[in-house]
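Reader: I'm new to protein structures. Could you walk me through this one, question by question?

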Amino acid sequence: MALDQSFVGRTYPPTDPYEVGREKIREFAVAVGDANPAYTDPEAARELGHRDVLAPPTFVFAITYKAAGQVISDPQLGLDYSRVVHGDQKFAYTRPVYAGDRLTVTSTIEAIKSMAGNDILDIRGEVRDEAGEHVVTAWTKLVARAAGTEEA
């Protein structure tokens, strides 16, 4: 069943603040294999003009995807998450994410399309700091595969 187009533009409440920790940044950098010292060494980050260690660009996916859970679990939307695959991800930064940032995410359904029986859901996550200043916008594209597309 196709997702309801009337959900386009629906915005969900901001998440509780997520405090970005140095150790979480370090763990993420190690996990993605990025040895940039600005991600693990505060002094190296300061030498590059940053106030503290900064997070790799894709770090915010962890918090924006969690925030998108409000959309995914909305029973009125009717998304069958068991059929969902991650289609795409992109980010537009105003500034880097730093250790110590307390970030909230507001998710909005930006588009719903149907193609070959598949539902394609675009979710925009607006990430702001404690002062309400924009940090990054993240777009997540989810594809809910059509019934009958399972491999034999």
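Author: Here's a chat that goes from the whole chain down to single side chains.

Reader: Before we start, what kind of model is this? And in what order do the helices and strands come along the chain?

Author: Keep in mind that this is a predicted model. The chain has three helices and five strands. Reading from the N terminus, the order is β-α-α-α-β-β-β-β.

Reader: What are the spans of the chain along its principal axes?

Author: The chain has 152 residues, and 40% of them count as buried. Its accessible surface comes to about 8,300 Å², with 53% of that belonging to carbon and sulfur atoms. As for the spans, the C-alpha trace covers about 55 × 40 × 20 Å.

Reader: Let's look at the strands. How many bridges join S3 to S4?

Author: Strand S3 covers residues 102-115 and runs antiparallel to S4. The two make a hairpin with two residues between them, and Ala116 in the turn has a positive phi of about 55°. One bridge partnership to look for is Thr108 with Arg124 in S4. The number of bridges joining S3 to S4 is eleven.

Reader: And S4 with S5: which residue in S5 stands opposite Asp122?

Author: S4 and S5 (residues 134-144) are also antiparallel, with ten bridges. Their hairpin has five residues between the strands, and Gly132 there takes a positive phi near 85°. Opposite Asp122 you'll find Lys141.

Reader: So S4 pairs with S3 and with S5. How many of its residues are buried?

Author: S4 runs over residues 118-128 and is mostly covered. To count as buried, a residue must have under 20% relative accessible area. Out of eleven residues in S4, the number that are buried is nine.

Reader: Now the inside. Which residues of the largest nonpolar core touch the most other members?

Author: This core holds 21 residues. H1 (22-32), H3, S3 and S5 each supply at least two of them. Leaving out residues up to four places away in sequence, Val20 has contacts that include Ile25, Phe59, Val97 and Leu103. The ones touching the most other members are Val20, Ile25, Val97, Leu103, Val127 and Val135.

Reader: What are some residues of the second core?

Author: The second core is separate and has 15 residues. Among its members are Tyr12, Leu77, Ile109 and Leu142.

Reader: Which strands do the buried residues of H3 pack against?

Author: In H3, the buried residues are Ile63, Thr64, Ala67, Ala68, Val71 and Ile72. They pack against S1 (18-19), S3, S4 and S5.

Reader: I keep hearing about aromatic pairs. Why is the pair of Phe61 and Tyr65 stacked?

Author: The whole structure has three aromatic pairs. The ring centres of Phe61 and Tyr65 are 5.2 Å apart, with their planes at 25°. Planes under 30 degrees apart count as stacked. Since 25° is the angle for Phe61 and Tyr65, their pair is stacked.

Reader: How far apart are Phe61 and Tyr65 in helix H3, in helical turns?

Author: Helix H3 takes in residues 61-72. Phe61 and Tyr65 sit four residues apart in this helix, so the separation is about one helical turn.

Reader: Is Phe61 partly exposed or buried?

Author: The cut-off for buried is under 20% relative accessible area, and exposed means over 50%. Phe61 has 26% relative accessibility, so it counts as partly exposed.

Reader: Which ring does the charged end of Lys90 sit over?

Author: Lys90 lies in strand S2 (residues 84-93). Not counting residues up to four places away in sequence, Lys90 touches Thr137, Ala138 and Trp139. The charged end of Lys90 is 5.2 Å from the centre of the ring it sits over, and that ring belongs to Trp139.

Reader: Last one: how far apart in space are Lys24 and Gly78?

Author: Lys24 lies in helix H1 and, at 47% relative accessibility, counts as partly exposed. It touches Tyr18 and Phe59, not counting residues up to four places away in sequence. Lys24 and Gly78 are 54 residues apart in sequence, and from C-alpha to C-alpha the distance is 33 Å.

Methods. Residues numbered from 1 in each chain as written. Predicted model: local features only at pLDDT ≥ 70, side-chain atom pairs only at ≥ 80, totals over all residues. Heavy atoms only, no water. Buried < 20%, exposed > 50% of the residue type's maximum accessible area, 1.4 Å probe, protein only. Pairing = 2+ DSSP bridges. Phe/Tyr/Trp six-rings, centres within 6.5 Å; stacked < 30°, edge-to-face > 60°. Lys NZ or Arg CZ within 6 Å of the ring centre and 35° of its normal. Areas by Shrake-Rupley, 256 points an atom, 1.4 Å probe, with all protein chains shown as cover. Core = buried A, V, L, I, M, F, W, Y, C linked by side-chain atoms within 4.5 Å. Contact = heavy atoms within 4.5 Å.
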